[in-house]
Amino acid sequence: MSTPHVIVVMGVAGTGKTTIGPLLAAELGVPYAEGDDFHPAANIAKMSAGTPLDDADRWPWLDAIGQWAHGRAGLGGVVSSSALKRAYRDRLRSEAPGAVFLHLSGDRSLIEERMAGRQGHFMPTALLDSQFTTLQPLEDDEAGVAVDVSGTPEEITQRAVAALRRLEN
C-alpha cells in the first residue's frame, strides 16, 4: 500500500483478528497492536464470565484503541478491534480519522468451529450470538473492505492485502 494507513481489523469473535492482524502488519511492514490488550481488567472479567459488554464498557476501550491509532497516523499500523457497530467505528474515527477498516467476515458455523478449537482465550462461544446480533457491517461511506475468512491465515491475509490495495485505487 502506498499510504501508511492505520488498518483496524474488525469482526465478530473467532474471525481471526488476532491471527490475521499480525500477518497483515508484517506484510505491510508496520506495527501491530492487539485490541484485547486495551481492555480494562473489568471488561475481561465480564466477558470471561459470559456476560456481553455494554456500550459503557466499550467507550474507554475504543478510546484507547483510537488514541493508539491516532499516534500511528501517517506512519501506518494494524490494530484489532471487534468494532461491531457503526457507532464504535465512528468513535474510533473521531480519534483516528484516516483509519481504514478490514472486516473479517464469514459463515457463523465456521467461526463457531474455530472459536471452539482455540485455547486460552477469554471469549466463550456462548457470546457469539450476541456478537452477530450486534454486528453492523461496513456501510458504503466507510473506508474499508470486507474479506471472507475461509481458507488458511495466509490466504486470508493475501485477500486482505489485495482488497486494501484495490481500495486505494
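This passage describes the sheet of the model, two helices that lie across it, and one residue in strand E4.

The model is predicted: local features need pLDDT of at least 70 and side-chain atom pairs count only at pLDDT 80 or more, while totals for chains, interfaces and linings use all residues. Residues are numbered from 1 along each chain as its sequence is written, and side-chain values use heavy atoms, with hydrogens and water left out.

An open sheet is built from five strands in the order E2-E3-E1-E4-E5, with parallel pairing. Strands (E, at least two residues) and helices (H or I, at least four) are DSSP runs numbered from the N terminus, and two strands pair if DSSP finds at least two bridges between them. The edges are taken by E2 (32-33) and E5 (144-148); each has a single partner strand, so one side of each is left without a neighbour in the sheet. Four parallel bridges join E1 (residues 6-10) to E4 (residues 100-105).

Two helices can be placed against these strands, with axes fitted to C-alpha atoms (for helices over the stretch in contact, meaning heavy atoms within 4.5 Å) and angles from 0 to 180 degrees between N-to-C directions. Helix H1 (residues 17-28) lies across E1, E2, E3 (77-80) and E4, at about 160 degrees to E1. Helix H7 (residues 153-168) lies across E1, E4 and E5, at about 155 degrees to E5.

Within E4 sits Leu102, the bridge partner of Val9. Leu102 is buried, with a relative accessible area of 0% (buried means under 20%, exposed over 50%, partly exposed in between, with a 1.4 Å probe and protein chains only). Leaving aside neighbours within four places in sequence, the contacts of Leu102 include Ile7, Leu24, Val145 and Ala160.
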